[in-house]
Amino acid sequence: AGYLQDLCPFSTMGKKSRVKTQKSGSGASAVVSPKETMNLISELLQKCSSAAPSAGKEWEEYVQIRGLVEKICKKQKGMSIVFEGSREDYFPDLMSWAQENGASCDSFTVANFGTEGYGLRATRDIKAEELFLWIPRKMLMTVESAQNSVLGPLYSQDRILQAMGNVTLAFHLLCERANPSSFWQPYIRSLPQEYDTPLFYQQDEVQVLLGTQAVQDVLSQYKNTARQYAYFYKLLQTHPAASKLLLKDSFTFEDYRWAVSSVMTRQNQIPTEDGSRIILALIPVWDMCNHTNGLITTGYNLEDDRCECVALQDYKENEQIYIFYGTRSNAEFVIHSGFFFQDNAHDRVKIKLGVSKSERLYAMKAEVLARAGIPASCIFALHCNEPPISAQLLAFLRVFCMTEEELKDYLFGDRAINKIFTLGKSEFPVSWENEIKLWTFLETRAALLLKTYKTTSQEDRSILEKPDLSLHSRMAIQLHLAEKQILEKASASGRAKRLHFEKKLEEGAPLPVYEESDSALLENTDADAKRPLILRKLEEVEEGQEIQAEEHSHILNGEKAVYVMDMEANGEPVQEETQEKVSKDANSASDSIRSSTQKGQREVVDLSASRTEDNPKENSE
């Protein structure tokens, strides 16, 4: 399939057996003074809109925000719109509705896979790369369908809804859930009523995450969700355009948390009908697929105006059908998808590195780095597999460890321009001394990071053996352990490399010298690659960092183009953002469109799975 590209999906697992589903309707009205609730909402909005807490005070702030939210939830008990019966009661209606509206449903059925939750089971043999699933646009819930719905008038007047597609989708979902005659009712009723995202954790379960790299994002996620809830609660009560929304009288925090998690775990990017823009969407039926390692096998076919999925591998009748959600770390899976994937081939931890501005050689190092397209300060990643560092991080460390003479050589020496391009290639060391320095640095830095944890890997393994550990606490401990294992491997790898290069130096081995004939080694073989290796591989850079994603050209080959796009930049839940963040998100959406050079191909956009409840491995439900 010409449109199988690498893309970034998200998924999570919802609570299956524990789901309390309730009856559709406006819910039981609790006897609570609207003024009492509004006062608490105002207090919450103020608390969540205040400046970021000082370092070390983030947990204290989270506990305060959570306390206010719990007071609000107590007053709203019984007010949510919910469905009767169990979730699986609604799967037959989902499949009938999909069939009636032009989806392909004859190759699979929805089934319960135990600890992996619900997923798709093949009802016949399916060959690898065979097109077995398609979902037409009319079934999708998108930002466009939200604008054309009862939410339209409010959308047209509210800045946050206009700026943030994920918030809009969350409200679209809530408005349609409140309307028993909504076209999307069969889909909405089939969704989990609860999720395993950190928004659903108990406070003591969130506390287990303290010390992991994920915890800051988890605390921010809760604060942002609470702030948005308070803002929209006030808006629904006061804005004339909200007066006709069924949601107005029963908009609870638990409703918003559910909608945010539904969107955060399932959202994907698709093109608009004319192919001119990328918008967010929920894709019924397809979003039941669970995750495994592999390649992205889902695209958007603009010619037939539908989402299409081809098989990742051969599937026999009655086997579970998996898709690949993308190159997400386990921290990202836990935060945005609600599961930990044990065999994650793309797991990594973040490492922040920078050249000190007070260093004597700062200007020279910054200049060499700039020529290689790398900032002097940046967040990189240490990977779970070999090599633990990317070409970009290798280039940074080489420059970071250069002597003044080496820096001069790379700035003014013979073939300096060509040498810049070798910085990210392991075949061309700057010097044996430089290699020893950089691998010693990596070995030491990883070992120091390991010392910041309160438990050891062995202690984590012992905790995981406890039978009474909750699912959420288990995921938190698994994250701790995974981070440590990556750091342990990086430190061991640094030591092995250091010893290797010390031997080279001792032996007086000749240094490999870059020749013009070696230029082929500088070529990246990736389909989208025509620039030196060190100038790419930017997927590990987090939002807000200095590294800017490269611009992607929108080349049309023949009559059609094949677009590939990444899912929502960091899978962040519905987050209220400043204009700067909004424009950054817009840029990341446009940056994620890459053109293919395959001539005459049908226009297809790669999707990333944004899944929830239906997940493999450690996702028990």
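Strands here are DSSP runs of at least two residues marked E, numbered from the N terminus, and two of them pair if DSSP finds at least two bridges between them. Keep in mind that you're looking at a predicted model.

**Stop 1: a hairpin.** Select residues 108–112, which make up strand β1, and then 118–122, which is strand β2. These two run antiparallel and are joined by five bridges. Now click on F108: across from it, in β2, stands A122. Next, look at the five residues between the strands of this hairpin. What sort of phi does G114 take there? A positive one, near 65°.

**Stop 2: a little sheet.** Strands of a sheet pair through backbone hydrogen bonds, so switch on the backbone for this one. Show β4, β6 and β5: in that order, the three strands form an open sheet with antiparallel pairing. Why do β4 (141–142) and β5 (268–271) count as edges? Each has a single partner strand, so one side of each is left without a neighbour in the sheet. Zoom in on β4 and on β6 (residues 278–282), which pair over two bridges. In that pairing, M141 sits opposite L282 of β6.

**Stop 3: a charged patch.** Turn on the surface and select D125, D314, E317 and E319, which form a negative patch. To place E319, find the loop between β9 (306–310) and β10 (320–323). Is E319 buried, partly exposed or exposed? Its relative accessibility is 35%, so E319 counts as partly exposed, because that label covers the range between under 20% (buried) and over 50% (exposed).

Conventions:
Residues are numbered from 1 along each chain as its sequence is written. This is a predicted model: local features need pLDDT of at least 70, side-chain atom pairs count only at pLDDT 80 or more; totals for chains, interfaces and linings use all residues. Side-chain values use heavy atoms; hydrogens and water are left out. Helices (H or I, at least four residues) and strands (E, at least two) are DSSP runs, numbered from the N terminus. Patches are made of residues with over 30% relative accessible area and no salt bridge: like charges are joined within 9 Å, nonpolar side chains (Val, Leu, Ile, Met, Phe, Trp, Tyr) within 5 Å. Accessible areas come from the Shrake-Rupley method with a 1.4 Å probe; for residues, only the protein chains shown count as cover. A salt bridge is a side-chain nitrogen of Lys or Arg within 4 Å of a carboxyl oxygen of Asp or Glu. Lys and Arg count as positive and Asp and Glu as negative; His and the chain ends are not counted. The place of a charge is taken as NZ of Lys, CZ of Arg, CG of Asp or CD of Glu. Buried means under 20% relative accessible area, exposed over 50%, partly exposed in between (1.4 Å probe, protein chains only).
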